[in-house]
Each structure stands twice: as structure tokens, then as C-alpha cells.
Amino acid sequence: MSIFNVLESNIRKSSEDYSQYLSEKKGDILKGSEFMFYSLSNIFKDKDIEEIEIGIVDSSYRGETYDFGIDAVYIVGSNDFIEQIEELEDYNKDTIFKIHIFQFKRGTGISHADLLKLNSGILRVLVNEDICENDNLYFFNRMRSLNEIKNRIFTNFPINNIKVNIHIVFGGLESNIHTERILDDELNNIKHALSNNGYINSEIFITDCQSLINNPSNSEQIVDIVEYQKTFKYITDTEGELKLNGYISIINGKEIAELVRKHQSAIFEANIRDYYKRNDLNSKILETSASPENAKFFWSFNNGLTMTCSKVEEMPGNKYKLHNLQIVNGCQTSNAIYLALKNKERITELEEKIERADELSKIEKEEYEQKKNLQFNDETSLLVKIIETKDEDLIYRITETTNSQTPIKAFSLKANDDSQKHIEKYLADKNINYERRINSLKNKGLRNIVSLQKLFQLYTAQILFKPSQVRTNPRKMFISTYDDVFPAPQVKIINFTLYLIPIKVDFALNKAIKDYTKNNSIDNYRKTLLSNGKYHLGCFLLSSILKGDYNEKGIILKERYIIEELENNYIIHFEDAINNFEKILKANYGIKKESISSSLKKTELDTRIVRYIKNRK
């Protein structure tokens with residue numbers, strides 16, 4: 001079997017993972033869509049398929065006229081997709097932002113015309129910002145939102161931290177592109193066009209047949225080098241999945257601060273990511289790491305860090321190269337030391353300004369007084385436990401046990417909560433694949449998966465009546481309201497029907513949208529509403545079924561009736577939902593589709609929806 005046939009076989013095997021999005025596609029459109037989903041789900045392996053689907057703007061997939069050679073667009077900050085401008089509050093000046101633009105070709109070749117079209121499309125999207133709604137309404141709406149995010153990033157963050165990654169993904173061999181002078185020249189033209197228009201950090205990635213088979217997502221893993229002062233090794237020499245080696249090391253704090261600077265919250269993926277932004281928790285650690293008297297004792301005062309990695313390479317000069325690195329305990333300490341180092345750098349800048357006889361502004365004087373005693377001291381070192389293993393279950397156990405005293409658990413730790421295990425079992429009995437741990441079911445080949453974060457959003461929208469809030473700030477809401485959605489069994493007994501019904505509503509809503517758009521001519525206002533208002537529509541759809549009984553008690557008592565209506569009359573209830581939702585939006589926020597995006601973010605819209613639900617007979 002040729003390498004090309006291997007790729008085609010892999011695509012066919014994976015196509016059922018995306019069946020909910022491809023059921024209406026046929027012929028070449030189906031083949032192209034399968035390739036896009038296969039490629040993107042491998043490149044963004046840790047992302048939900050629903051998150052990935054949002055970024056696809058391909059005109060064939062969306063049923064639109066043009067896409068200008070661009071098939072998918074994403075903005076990423078510290079390994080997170082950014083969909084709302086409000087999410088930028090979560091990032092700092094050292095965050096690396098990436099704008100990803102994709103072109104896909106399932107065939108084995110890329111033509112000069114393909115690259116010319118891509119070059120023109122990039123200029124249209126990133127420079128001229130002139131996508132027309134009549135060409136591709138979905139692309140137009142997406143870029144309205146992403147351009148607002150992009151422009152805010154360029155205004156508020158260092159330009160050197162903003163990268164443009166152009167991805168050409170195809171089923172052939174990369175070497176064939178570089179051997180054709182005309183193609184290689186056009187790749188250079190794309191880079192020059194970006195650079196000439198201010199995008200100084202750009203790179204072109206060619207993902208070919210071999211890369212897709214070898215799983216390109218490995219490139220997203222964190223690989224970095226740390227220098228240690230002292231170390232003790234415990235080596236079991238076990239290879240493969242059962243490997244478990246330990247390294248106990250004294251490492252200077254600056255090494256840890258630089259890891260945080262480079263990788264930001266991505267290095268805490270298995271840990272307490274909300275601590276990454278919570279400066280109020282770090283004052284005591286900051287003071288110790290800055291104290292001339294106490295910094296040298298820091299390693300003995302502090303509990304230290306725990307890191308996991310899949311491979312440790314010993315290097316000259318007392319250094320370890322760590323593959324697939326994660327800090328699973330000590331996020332607060334790492335962040336505090338990083339802040340101390342940033343304080344030191346800022347104080348240096350201000351003192352240089354004073355030496356030049358430049359007067360400090362009032363704000364700068366206040367900043368100087370605030371930070372001068374909280375600067376990183378070079379004698380600060382930490383005790384770091386490095387665990388080398390490929391066993392993901394073991395990593396979760398290590399994360400859980402080393403964070404047992406943490407007041408706010410990590411997202412990954414939530415996966416091991418008793419409440420999550422109970423939900424998983426209940427939903428499994430209902431033939432729903434609930435993935436409480438990222439990729440745990442996907443890696444087993446299971447399909448139609450509902451993730452923990454997806455269930456959180458559906459419950460928050462439909463049961464707590466906060467669709468606008470959970471759409472706009474899902475991460476912040478997860479941190480602040482997790483216990484309201486998933487209370488511990490000993491705190492509150494919750495009827496699991498309240499988890500089942502939002503999932504069933506979402507399934508029916510997805511099906512209804514497909515059937516409705518296929519059988520009806522829809523104006524641009526309603527198209528935009530369907531693309532952006534699904535969390536709100538879930539509330540209206542459930543309201544159409546329950547009328548005045550839409551509350552927790554009504555949902556529990558009428559579980560069977562709701563499910564029957566969702567199976568047999570979903571189109572009737574969907575039409576009622578979309579009509580009433582549109583009526584409320586137009587009555588309160590205007591009739592122009594341009595008003596939809598901002599309207600769906602308003603907390604007051606949630607209040608209006610609650611009022612509508614409670615007054616419905």
C-alpha cells in the first residue's frame with residue numbers, strides 16, 4: 001500500500017468522528033470536508049471538534065460563493081482558541097498570539113494558481129479586511145469578530161509576540177513543492193506580502209501526506225531545556241508506557257520564570273490555569289523571592305514544583321531537555337516568580353530613565369514604589385520534582401495527589417471529581433459518550449462525544465439561563481460557577497436529568513438547523529443568528545416544549561415527554577424558537593444583522609430571555 005493510500009484509509013476511518021457535520025455533504029464537497037476535519041483534528045488534537053468546526057470558512061463546506069483560497073481561520077493565545085474580544089483580558093504582555101490561516105487540498109498536488117489565490121486571500125483578510133457578505137456570509141461574520149480581536153491584540157500587545165502562521169495542507173509530498181521554482185517563489189511572495197504590510201513574524205507550514213500520517217500535533221507539545229544546580233536521579237529503566245523515572249533537582253527561579261514567559265498558560269494545561277492570572281494569591285511568594293535575606297532559603301520554605309514529561313534528555317552543562325513538559329503542581333509559585341522577574345525588568349527600565357535625567361510620570365512613580373521591593377532575587381532557587389512517564393492516567397493521579405490542598409482545583413482535576421464520575425456513568429447508560437478527561441474517549445475511537453466543558457456550557461445556558469454569559473466568557477464562568485453546575489454529592493444531590501436534557505436539546509438543535517437550512521431560503525439576519533446564537537436557541541427550543549413548566553422541576557417531571565418531542569417534532573419547536581428569539585432581538589436591539597454579535601454578549605439579554613420564559617403560557 002502506498003503512503004497516499006495509507007492517508008486515504010486513515011481519513012475514511014476517521015470520517016465518522018465528524019459525521020454530524022458531514023451528513024449532508026456529497027461528492028467532491030464531502031471529500032474535501034473530510035480532509036479538512038481530519039487534518040484540523042490532528043493539528044489541534046486537544047480541541048473539541050465543535051471548536052474546530054467554527055473556524056472553517058471554506059465556501060463549499062458553508063454553501064457560500066467564494067473563500068478566496070482560505071479554508072479556515074483561527075486566533076490562538078497560549079494554545080487557546082480566542083473567539084470573543086473579552087477573552088483578551090486573560091493574557092499578559094508575554095503571551096504569544098498566533099493567527100492561523102489554512103488552505104487544504106486533498107489531492108497530491110498544489111498548483112501555482114492555488115498559491116496565487118491564497119496570497120490574494122491573505123491580503124484580503126489580513127490587510128484590506130474587505131470580505132463581502134454576499135461572497136461568503138459565514139466568512140464575513142467570522143472576520144468581523146476576529147478582526148476586532150486582531151486589532152486589539154496589535155494595539156495592546158508587543159508586535160513581536162504576534163505571529164501569522166500560514167498552513168498549506170495537502171495529500172502529496174512537500175519536497176515536490178520546493179523542487180518547482182514557480183511554487184517556491186510564490187511561497188516567498190506570500191511571506192514578503194505579509195512582511196510588507198506589517199506582519200513581521202510570519203511562517204509558512206506545509207503539512208503533507210507523511211506529516212498527517214505521523215500526527216503533526218506532536219509539534220504542539222512543549223519541549224524545553226532547564227539548567228539545574230543539583231540533581232538526584234531515580235531511574236527504573238522501564239521503557240514504553242510503563243516508564244517511570246524521577247529527577248529531584250534544585251533549579252534557579254529564573255529558569256522557571258523563563259518557562260512561564262515562553263509558554264504562558266499552556267505549560268499549566270494539566271494544572272490550575274486560573275492561578276496563572278490571579279496575582280492576589282502570590283504576594284507572600286513574591287516577597288520571599290525578592291527578599292535579600294530570605295531568597296537563598298526559598299527552596300526550603302516553598303513546597304516546590306512538580307513537572308511531568310514524556311522524555312528526559314540529559315545534556316552537557318547540567319541541563320535537561322524535557323519533552324511534552326507540564327507543570328502539574330506549583331502554578332502559583334511559578335507565576336509569582338515570573339512576576340518577580342517582570343518587576344525586576346521593569347524597575348531596570350525606570351531606573352535607566354532616571355539616569356537619563358528623564359522625569360518619571362506620576363503613574364511611573366507609583367509603579368516604581370510598588371515594585372521596587374518585589375524584584376526577583378538571583379539567589380532564589382526551587383526544589384523541582386521531574387517525573388518522566390508516558391502514562392496519562394498516572395499523570396492525572398500525580399496531578400490530583402500533589403494538588404490535594406489546593407483551594408481551587410484544576411480543570412483536569414475536575415475530571416476526577418466524584419460528581420463527574422457519576423455523570424459519566426449515568427450518561428453512558430443513556431448511550432451518550434461523556435468525555436470528562438480530554439481525549440480519553442477520542443483516543444479510544446468513540447464518536448459523538450460530549451466533553452465536560454461542553455456540558456458545562458449547555459447546563460449554564462439552559463438550566464441557569466445564562467447563554468450570553470457562557471458564550472462570552474466560558475473559561476471565567478467555569479472557574480467561578482463550576483460548583484453551581486457540578487456540586488459535590490455530599491453538598492447537593494442533583495437530578496442527572498438536568499444534564500441529560502440540555503445534551504438532548506443540543507443534539508436536536510444541530511439536526512434541526514441542518515434540516516431547516518436545507519429546506520428553506522434564509523436571509524442573512526437569520527443565517528447570522530443560527531451561526532452565533534445556538535446557546536440562546538437551546539433555551540427557546542426547550543421553552544417551546546415546556547411552555548410555563550420550563551424550570552428544573554418541570555424538566556425532571558417531563559423528561560420522557562421532552563425527549564419524545566425532540567425526536568418527533570424538533571422542527572416545529574425549532575421554528576417556534578427561532579421566530580421568538582428573532583422577535584426579541586429585533587425588538588430590543590434593532591433589525592440589522594450587524595447588531596447580533598454585540599447583542600448576544602449582553603447580560604441583559606439573558607434577563608429578557610428569563611422574563612420571556614417565565615411569562616410564557
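The following legends describe close-up views of a predicted model.

Local features are restricted to pLDDT of at least 70 and side-chain atom pairs to pLDDT 80 or more, whereas totals for chains, interfaces and linings use all residues. Residues are numbered from 1 along each chain as its sequence is written, and side-chain values use heavy atoms, with hydrogens and water left out.

**View 1. Surroundings of Glu83 in the loop between strand S2 (80-81) and strand S3 (97-105).** Strands (E, at least two residues) and helices (H or I, at least four) are DSSP runs numbered from the N terminus. Glu83 counts as buried because its relative accessibility is 19%; buried means under 20% relative accessible area, exposed over 50%, and partly exposed in between (1.4 Å probe, protein chains only). Apart from neighbours within four places in sequence, Glu83 is in contact with Ile54, Arg142, Ser145 and Ile149, contact meaning heavy atoms within 4.5 Å. The side chains of Glu83 and Arg142 are joined by a polar contact of 2.9 Å. A polar contact is a pair of N or O atoms within 3.5 Å; within protein, one must be able to donate a hydrogen and the other to accept it, and residues adjacent in sequence count only if both atoms are side-chain atoms.

**View 2. Aromatic pairs formed by Phe97 with Tyr91 and with Phe157.** Rings of Phe, Tyr and Trp (its six-membered ring) pair if their centres lie within 6.5 Å; planes under 30 degrees apart count as stacked, over 60 as edge-to-face and the rest as tilted. The count by this rule is 28 aromatic pairs. Among them, Tyr91 and Phe97 are edge-to-face, at 5.6 Å centre to centre with 75° between the planes. Phe97 is buried at 1% relative accessibility. The ring centres of Phe97 and Phe157 are 4.7 Å apart and their planes lie at 65°, so this pair is edge-to-face. Phe97 in strand S3 is thereby linked to a distant part of the chain, Phe157 lying 60 residues away in the loop between helix H7 (137-156) and strand S4 (162-170). Relative accessible area is 10% for Phe157, which is buried, and 8% for Tyr91, also buried.

**View 3. An aromatic cluster that includes Tyr426 and Tyr499.** The other members of this one cluster are Phe456, Tyr459, Phe478, Tyr482, Phe486 and Phe496.

**View 4. Tyr234 in strand S7 (residues 230-234).** Tyr234 counts as exposed because its relative accessibility is 56%.
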